[in-house]
Amino acid sequence: MRQKHRLMGDLKRTIGIFLDDCPDASYEDFLEAFGSPADMAAEMLRDVPEQEIAGVQRNRKWIRIALTACLAAVAVGACGTVAYFIRYPYTAEITTVIYEDEDNIPEYWKYAEKYGLSYEMDEEGNIISATDKDGNEIAVDEKGIPLDKEKYALNEP
């Protein structure tokens, strides 16, 4: 790491001296003075020990392996999520009705809460059909009260 800071410091000083001498220098002037960026990098790395370069290359290898593993984990997770939703599609529509005055709550709401009944209504708010929590259609009257009084009696203990 010290080697990197030393090299960067040397590079900044060298370019700074060049810019002090030639403040209006163009890119071509830089190329003429220092050579191509590849030549300049090769010149700077000439003084870096081989084991330090090998260490950097090893670190890059492990970084690539770690990134590949992370991307593979994300891909597996995404595929698993897609497979789950294909197998168990979410098709229910959730509707929340808030009543500010408890006295005005429709009577069918008690059955919906206690037995998990769902009601389908038309545009005017009239009940068209009702289903239990297992998705079985149940018979209800026009107010949404189940007709099977033995199964859906609210006066149970």
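# A tour from K61 to the three-stranded sheet

Select K61 and W62 to begin: the charged end of K61 sits over the ring of W62, 6.0 Å from the ring centre. Keep in mind throughout that the model is predicted.

**Overall layout**

Now show the whole chain as a cartoon. Five helices and three strands make up the protein. Going along the sequence, the order of these elements is α-α-α-α-α-β-β-β. Colour by burial if the viewer allows it: 15% of the 157 residues count as buried.

**Helix α1: the salt bridge**

Select D10 and R13. How many salt bridges does the structure hold? There is one, and it is here, where the side chains of D10 and R13 meet at 2.5 Å, N to O. Both residues belong to helix α1 and are three residues apart, which is about one turn of the helix. D10 has a relative accessible area of 27% and is therefore partly exposed, since the partly exposed class begins where buried ends, at 20%.

**Helices α1 and α2: the aromatic cluster**

Next, select F18, F30 and F34 and show their side chains. Across the whole structure, a search finds four aromatic pairs. One of them is F18 with F34: the ring centres are 5.3 Å apart and the planes stand at 65 degrees, so this pair is edge-to-face. The two residues come from distant parts of the chain, with F18 in helix α1 (residues 2-21) and F34 in helix α2 (residues 27-34), 16 residues apart.

Is F18 buried or exposed? F18 is buried, because its relative accessible area is 14%. F34, at 23%, is partly exposed.

Stay on F34 and turn to F30. The ring centres of F30 and F34 are 6.1 Å apart and their planes are at 25 degrees, so the pair counts as stacked. Both of these residues lie in helix α2, four residues apart, about one turn of the helix. F30 has a relative accessible area of 22% and is partly exposed. Taken together, ring pairs link F18, F30 and F34 into a cluster.

**The end of α4: a surface patch**

Move to Y84, F85 and Y88, and switch on the molecular surface. These three residues form a nonpolar patch on the surface, and their accessible area together is about 350 Å². Where along the chain is Y88? Y88 is in the loop between α4 (50-87) and α5 (108-115). Its relative accessibility is 43%, so Y88 counts as partly exposed.

**The sheet**

Select residues 118-121, 127-131 and 137-138, the strands β1, β2 and β3. What is the order of the strands in the sheet? The sheet is open, with three strands in the order β1-β2-β3 and antiparallel pairing. The edge strands are β1 and β3, each of which pairs on one side only.

Look at β1 and β2 together. These strands run antiparallel and are joined by four bridges. To find the register, select S118 and T131: S118 stands opposite T131 in β2. Then follow the chain through the hairpin, which has five residues between the strands; within this hairpin, G125 takes a positive phi near 90 degrees.

Keep T131 selected and add E137, since the next pairing involves T131 again: T131 stands opposite E137 in β3. Two bridges join β2 to β3, and this pair also runs antiparallel. The hairpin of β2 and β3 has five residues between the strands, and G135 takes a positive phi near 90 degrees there.

**Last view**

Finish with S118, T131 and E137 shown together. T131 is opposite S118 and also opposite E137, so this selection follows from β2 lying between β1 and β3 in the strand order.

How values were computed:
Residues are numbered from 1 along each chain as its sequence is written. This is a predicted model: local features need pLDDT of at least 70, side-chain atom pairs count only at pLDDT 80 or more; totals for chains, interfaces and linings use all residues. Side-chain values use heavy atoms; hydrogens and water are left out. Patches are made of residues with over 30% relative accessible area and no salt bridge: like charges are joined within 9 Å, nonpolar side chains (Val, Leu, Ile, Met, Phe, Trp, Tyr) within 5 Å. Accessible areas come from the Shrake-Rupley method with a 1.4 Å probe; for residues, only the protein chains shown count as cover. A salt bridge is a side-chain nitrogen of Lys or Arg within 4 Å of a carboxyl oxygen of Asp or Glu. Buried means under 20% relative accessible area, exposed over 50%, partly exposed in between (1.4 Å probe, protein chains only). Rings of Phe, Tyr and Trp (its six-membered ring) pair if their centres lie within 6.5 Å; planes under 30 degrees apart count as stacked, over 60 as edge-to-face and the rest as tilted. A charge sits over a ring if NZ of Lys or CZ of Arg is within 6 Å of the ring centre and within 35 degrees of the ring normal.
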